[in-house]
Amino acid sequence: MGNFGDAFLNAEVLTKYAPSILEGVYVTVLLSILIVLSGTALGLALAALRSLAPAAVRIVVVVFADIFRALPPLVLILIAYFGLPSVGVFLSSFLVLFLILTLVLAAFAEEIFWAGITSVPKGQWEAARSTGLRPAQTLVWIVLPQAVRLAIPPLTNRAIAVTKMTALGTVIGVSDILNQATTAQSFSGNASPLLLAAIAYVAIFLPLVILSRWLETRFAWKRV
Amino acid sequence: MEAFVDQFLNLEIMVAAWPTILQGLGVTLLLCAVVVPLGLAGGLLTALAALSRRRWLRWPIVALIDFFRAIPPLVLLIFVYAGLPFAGLRLDPFAAVALAFLLNNSAYYGEIFRAGIGSVAHGQMEAARSTGLSHAKAMVYVILPQAVRNVLPDLVSNTVEVVKLTSLASVVSLSEMLHAAQLARSVTYNTSPIVLAAVIYLAILWPVVRLVSRYERRLAS
Amino acid sequence: MQPILELAGVAKRFGAFEALKGVDLKVAERELVFLIGPSGSGKSTLLRCCNLLERPDDGAVMLEGRNIAAPGVDLDAARRRIGMVFQNFNLYPHLDALGNVTLALRKVLRLPRAEAEAKGMTALDRVGLAEKARNRPAELSGGQQQRVAIARAMALEPRVMLFDEPTSALDPELVGDVLAVMRELKAAGMTMVVVSHEMRFAREAADRVIFMDGGRIVEEGAPDTLFGAPKAERLQNFLARVAA
């Protein structure tokens with residue numbers, strides 16, 4: 001047990017590397033917030049586009065969403081990180097991670113919002129159109145408010161899953177929590193930074209996981 | 001445009017990388033064949049424990065589920081692979097991936113099974129018990145078949161996620177498909193091998209993703 | 001006198017099924033036209049063609065002399081002059097009663113909030129639900145929901161109102177309130193086209209009853225003549241079945 005404590009809870013190592021892990025926390029949290037905001041907004045815009053635009057545009061949206069849902073994010077990250085510079089696009093690893101995870105979340109969010117939109121009864125569209133509302137107005141004022149409510153629980157789960165993937169940034173050198181921890185671990189030859197990193201992730205994401213549980217009961221799908 | 005094709009869609013490089021990537025695909029499939037059944041079994045046990053009437057069993061299980069849902073899979077994997085040796089447990093990459101995935105997937109599959117069991121009407125259990133079936137038998141023959149059918153799309157979706165996650169094994173140098181593609185990339189300084197791997201992932205997973213979307217839409221309407 | 005609403009040669013197909021086989025119909029100002037017929041006779045489709053929720057494959061839909069089925073017509077502008085009440089109410093569940101009534105006033109007519117709400121309250125008052133203005137649809141009975149839906153259509157001051165089986169989804173004891181509101185509308189001079197199975201209401205309130213079958217108008221006339229001395233055999237059979 002003494003050995004175990006020394007390997008995982010070494011006070012000296014912990015004090016030494018806590019600040020850099022805290023920097024990692026800042027990077028992880030910042031990235032997560034940016035990804036959730038832009039990914040959700042983009043997903044909502046794409047779902048709206050899919051319900052209003054002509055067939056050709058709809059197909060493009062569906063193909064985009066399918067590809068970004070079917071491919072492992074790490075594959076996408078590596079393609080963008082290693083490939084883009086050769087075609088003259090130079091992005092920092094932070095930006096690459098932000099961009100890819102935003103697109104991944106947008107793809108899932110689009111599907112979730114779309115499922116919400118299609119679950120709104122046809123009669124809602126008809127009632128709104130019969131009072132002279134245009135399709136876009138009907139979508140914004142009648143359909144989306146109902147669709148978004150249905151979308152909140154699955155979207156929360158998906159947002160947590162995608163923001164957790166910020167840890168993949170380690171592979172391309174984003175200085176997130178995991179990266180800071182693995183660096184500290186190899187310098188110190190001690191596992192304490194890894195444990196600290198795990199604790200940091202749990203501290204960030206556990207409240208969100210609990211929130212998602214609460215949302216699921218609160219906004220439970222009422223299957224009639 | 002030419003630079004783009006040369007960098008991402010270089011056929012010559014893809015052909016050269018093909019045997020390596022195919023080998024990697026074999027490892028990926030083997031990995032899936034191990035971690036998916038493990039996760040399903042772990043998930044089912046987790047769900048049954050989380051629904052148990054015994055509080056001392058239920059609460060720790062729910063806490064564990066949430067813990068493993070909160071921790072990124074890659075962090076868990078690196079902890080198991082690089083951290084546990086400090087506690088005297090040294091696993092080879094394959095075993096480390098299998099263990100990390102068991103912990104992570106049991107939580108996710110467990111939540112799905114739990115929702116499925118919860119979606120079966122209470123009367124079903126009562127009816128089964130009234131015919132003399134034991135609780136366990138009623139669970140196996142009456143509740144679970146309905147539960148699985150109710151959450152089949154979610155189970156399939158999560159399995160897609162698991163297959164995608166196997167790519168993380170490349171980080172601990174397990175020679176699965178992405179690792180093989182990365183190796184080919186580092187030799188050729190060209191992204192085409194990873195694109196080839198992406199195409200293979202797409203060929204396997206796209207049909208499943210489409211199927212689930214269509215199935216869910218049918219349920220919704 | 002020019003009819004407010006006129007359908008000329010309206011035809012509609014759903015796949016192989018011919019729902020409407022060239023129907024002509026004129027509705028005069030202040031008239032209450034009542035459509036009856038067996039299910040699948042085309043009466044609901046005909047009603048839905050009046051505001052182009054179903055687009056006719058052929059024929060013209062004239063609203064005050066203008067063909068609104070012609071290409072290039074601003075449908076949304078036309079639709080707000082044709083109110084519609086649905087079988088399943090189709091109230092917006094996320095808005096309260098007043099919100100349901102005022103949405104189109106604000107977003108289509110672009111009235112300022114205060115004016116829209118004043119108009120909305122007047123409409124709710126006319127259907128006897130002013131005190132329910134802040135209740136959501138889920139908190140209202142079926143009959144109250146349908147009256148809110150009528151207020152929603154009425155508030156836009158349409159030239160014609162279409163009723164698609166407005167009482168079919170209601171418990172019997174709630175039907176009366178909805179019919180009372182419709183009666184008042186009629187008394188106030190509203191032009192109405194009603195698809196319904198409420199034969200007693202038809203007898204008492206309709207100016208003209210139209211019997212449809214197989215996508216065509218089979219017989220039409222004043223309620224007394226049509227119910228009292230039906231000529232077509234199909235109508236006789238239908239009335240015998242409804243009475244039974």
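**Notebook: a pocket, two cores and some cysteines**

I started with the second largest pocket, and helix H7 of chain B gives the most to its lining, with six residues. Note to self: this is a predicted model.

**Entry 1, the pocket.** I looked up the volume of the second largest pocket and got about 590 Å³. Its lining has 18 residues, and those nearest the centre are B:Leu51, B:Ile117, B:Met125, B:His135 and B:Met139. Which elements give two or more residues to this lining? I found three helices of chain B on that list: H5 (93-119), H6 (122-130) and H7 (135-150). Then I sorted the lining by class and got 11 nonpolar, four polar and three charged residues.

**Entry 2, chain B as a whole.** Since chain B kept coming up, I checked its secondary structure, which comes to 10 helices and zero strands. Reading along the sequence, I just wrote α-α-α-α-α-α-α-α-α-α. The C-alpha trace of chain B spans about 70 × 50 × 25 Å along its principal axes. I also looked up burial: of the 221 residues in chain B, 49% are buried. Next came contacts between residues of chain B at least 6 apart in sequence, and 72% of these join residues at least 24 apart.

**Entry 3, the cores.** The largest nonpolar core has 107 residues, and the members that touch the most others are A:Tyr201, B:Ile71 and B:Val97. Helix H2 of chain B (residues 11-50) gives the most to this core, with 11 residues. Apart from that core I found another, of 53 residues, including A:Ile112, A:Leu155, C:Val33 and C:Ala69. I remembered the general rule that in soluble globular proteins nonpolar side chains tend to be buried together.

I picked B:Val97 for a closer look. What does B:Val97 touch, not counting residues up to four places away in sequence? My list reads B:Leu31, B:Leu77, B:Ala169, B:Val172 and B:Leu174.

**Entry 4, the cysteines.** How many disulfides does a search of the whole structure find? I got zero over all chains. I wanted to see why C:Cys49 has no partner, so I looked up the closest cysteine sulfur, which is in C:Cys50, 7.3 Å away and too far for a bond. The cut-off for a disulfide is 2.5 Å between the sulfur atoms. Is C:Cys49 buried or exposed? C:Cys49 counts as buried, because its relative accessibility is 0%. I checked B:Cys32 too: its relative accessible area is 12%, so B:Cys32 is buried as well. Buried here means under 20%.

Methods: Residues are numbered from 1 along each chain as its sequence is written. Chains are lettered from A and ligands numbered from 1 in the order in which they are written. This is a predicted model: local features need pLDDT of at least 70, side-chain atom pairs count only at pLDDT 80 or more; totals for chains, interfaces and linings use all residues. Side-chain values use heavy atoms; hydrogens and water are left out. A nonpolar core is a set of buried Ala, Val, Leu, Ile, Met, Phe, Trp, Tyr and Cys residues joined through side-chain atoms within 4.5 Å. Buried means under 20% relative accessible area, exposed over 50%, partly exposed in between (1.4 Å probe, protein chains only). Helices (H or I, at least four residues) and strands (E, at least two) are DSSP runs, numbered from the N terminus. Contact means heavy atoms within 4.5 Å. On a 1 Å grid over the protein atoms alone, a cavity is a set of points where a 1.4 Å probe fits but cannot get out, and a pocket is an open set with protein on both sides within 12 Å along at least five of seven lines; lining residues have an atom within 4 Å of a point. Grid points are joined across faces, edges and corners, and a volume is the space filled by probe spheres set on the points. Ala, Val, Leu, Ile, Met, Phe, Trp, Tyr, Cys and Pro count as nonpolar, Asp, Glu, Lys and Arg as charged, and the others, Gly among them, as polar.
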